[in-house]
Amino acid sequence: MKILVTGGLGFIGSHTALLLLEEGHDVVILDNLSNSRISTLEKINSLGDNKAAFIRGDILDEKIVDKVFSIGDFHGVIHFAALKSAEESKNNPMKYYFNNVAGTLTLLKKCQKYGVRNFVFSSSASVYGDAESPVSEDTIPGKRSNPYAESKAMCEIILNDIATSDNSLRLTILRYFNVIGAHRSGSLGEEASKEFGNIMPYIVKVASGKMDKILVYGNDYNTPDGTGIRDYIHVMDVAKAHIRALEKQREGCQVYNLGTGKGTSVLELIQAFEEVSELKIPYEIVQRRYGDIEVSFSNPYKAMHELGWKAEFDITDMAKDTWNYENTKFKY
Ligand SMILES: NC(=O)c1ccc[n+]([C@@H]2O[C@H](COP(=O)([O-])OP(=O)(O)OC[C@H]3O[C@@H](n4cnc5c(N)ncnc54)[C@H](O)[C@@H]3O)[C@@H](O)[C@H]2O)c1
């Protein structure tokens with residue numbers, strides 16, 4: 001399959017691009033490098049015989065997107081390119097709605113123009129808002145607390161409406177939970193050029209001596225150790241799910257959770273990291289953050305039944321591969 005991967009130099013996109021290449025597919029990456037580095041392309045292309053093509057450009061730039069599609073002859077598009085900071089989106093909602101919603105619309109318009117019928121969209125567990133976990137694909141969403149989550153929910157509505165109006169389209173929405181980990185080789189990992197308030201990059205910074213301690217937001221939640229619970233999933237499991245989703249695409253708009261189905265608290269995640277790194281990770285408990293959800297984990301069974309996919313890696317693997325990346329990355 002020849003696949004256009006938007007945002008393919010980002011964290012999840014780069015791991016997916018690498019796996020697509022490893023499985024013998026052709027990959028064209030479109031990325032504006034707003035949250036990634038060009039060196040990631042060299043890493044992807046140094047790991048195997050198959051190489052990805054790269055175009056630096058913005059999904060909002062119709063001229064560039066036209067050019068990419070006109071030379072592409074793509075089987076499908078995996079659309080990762082988006083801004084992803086919940087916090088930043090509260091201060092700058094317009095930027096998020098433009099990039100994430102208008103960007104998705106631009107791509108869908110070009111898919112229609114060039115007859116590309118297969119589309120996989122990166123959505124997020126944040127569309128469920130504060131609905132009670134485990135959340136299934138048909139769970140009625142709760143209150144969403146930021147424009148980032150709203151932008152993903154809006155894209156989902158657009159995809160559903162487009163699929164209803166044109167039954168030859170094959171659209172897949174993947175709702176990821178909390179993606180962490182790195183490629184086992186240590187050559188690829190989370191390499192964002194901005195910081196987003198996700199916990200794992202902070203744990204790594206403390207472990208490698210770049211920060212003194214982690215701030216843990218709240219220990220008075222109704223959970224066994226009082227800290228928030230999330231469904232962490234390994235980036236390579238997420239990458240694999242995209243390829244299974246492309247292989248199993250069918251007419252209409254399908255939606256799947258990508259999670260392990262298991263919740264891990266903040267303190268359990270810190271402990272897992274301490275065990276694999278054999279380091280002490282100091283932390284300080286501070287006030288809850290507005291909008292943070294107490295517990296969020298998936299019901300992962302629909303993807304198991306329909307895509308034949310299930311998460312293989314556990315929290316220890318995720319911590320181990322993250323730490324391995326941190327210790328290996330300067331060699332690349
Ligand atoms: N990381 C997670 O835990 C998580 C969870 C749920 C959903 N998601 C979604 O998955 C997708 C990928 O996330 P990620 O963690 O890899 O993020 P990332 O920021 O590492 O990657 C996104 C990539 O898209 C590029 N990009 C952004 N806007 C663009 C534009 N207008 N034109 C071209 N390129 C653009 C960035 O430069 C970056 O390389 C995003 O849509 C995100 O919302 C991520």
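**View 1. Secondary-structure elements around the ligand.** Strand 5 contributes 3 residues to the shell around the ligand, the most of any element. In this predicted model, local features need pLDDT of at least 70 and side-chain atom pairs count only at pLDDT 80 or more, while totals for chains, interfaces and linings use all residues. Residues are numbered from 1 along each chain as its sequence is written, and side-chain values use heavy atoms, with hydrogens and water left out. At least two shell residues each come from helix 1 (11-22), strand 5 (118-124) and helix 6 (147-165). Helices (H or I, at least four residues) and strands (E, at least two) are DSSP runs numbered from the N terminus.

**View 2. Residues of the ligand shell.** The ligand has 27 residues around it (a heavy atom within 4 Å). Asp31, Asn35, Ser36, Lys84 and Tyr148 come nearest. The shell divides into 12 nonpolar, 11 polar and 4 charged residues; Asp, Glu, Lys and Arg count as charged, and Gly is among the polar ones.

**View 3. Polar contacts to ligand oxygen atoms.** Polar contacts here are pairs of N or O atoms within 3.5 Å. A side-chain N or O atom of Asn35 is 2.7 Å from a ligand oxygen atom. From the backbone, an N or O atom of Ile12 lies 2.8 Å from an oxygen atom of the ligand, and one of Phe80 lies 2.8 Å from an oxygen atom of the ligand. The protein buries 96% of the 820 Å² that the ligand exposes when taken alone (Shrake-Rupley method, 1.4 Å probe).

Conventions. Polar contact = N/O pair within 3.5 Å; in protein donor to acceptor, adjacent residues only side chain to side chain.
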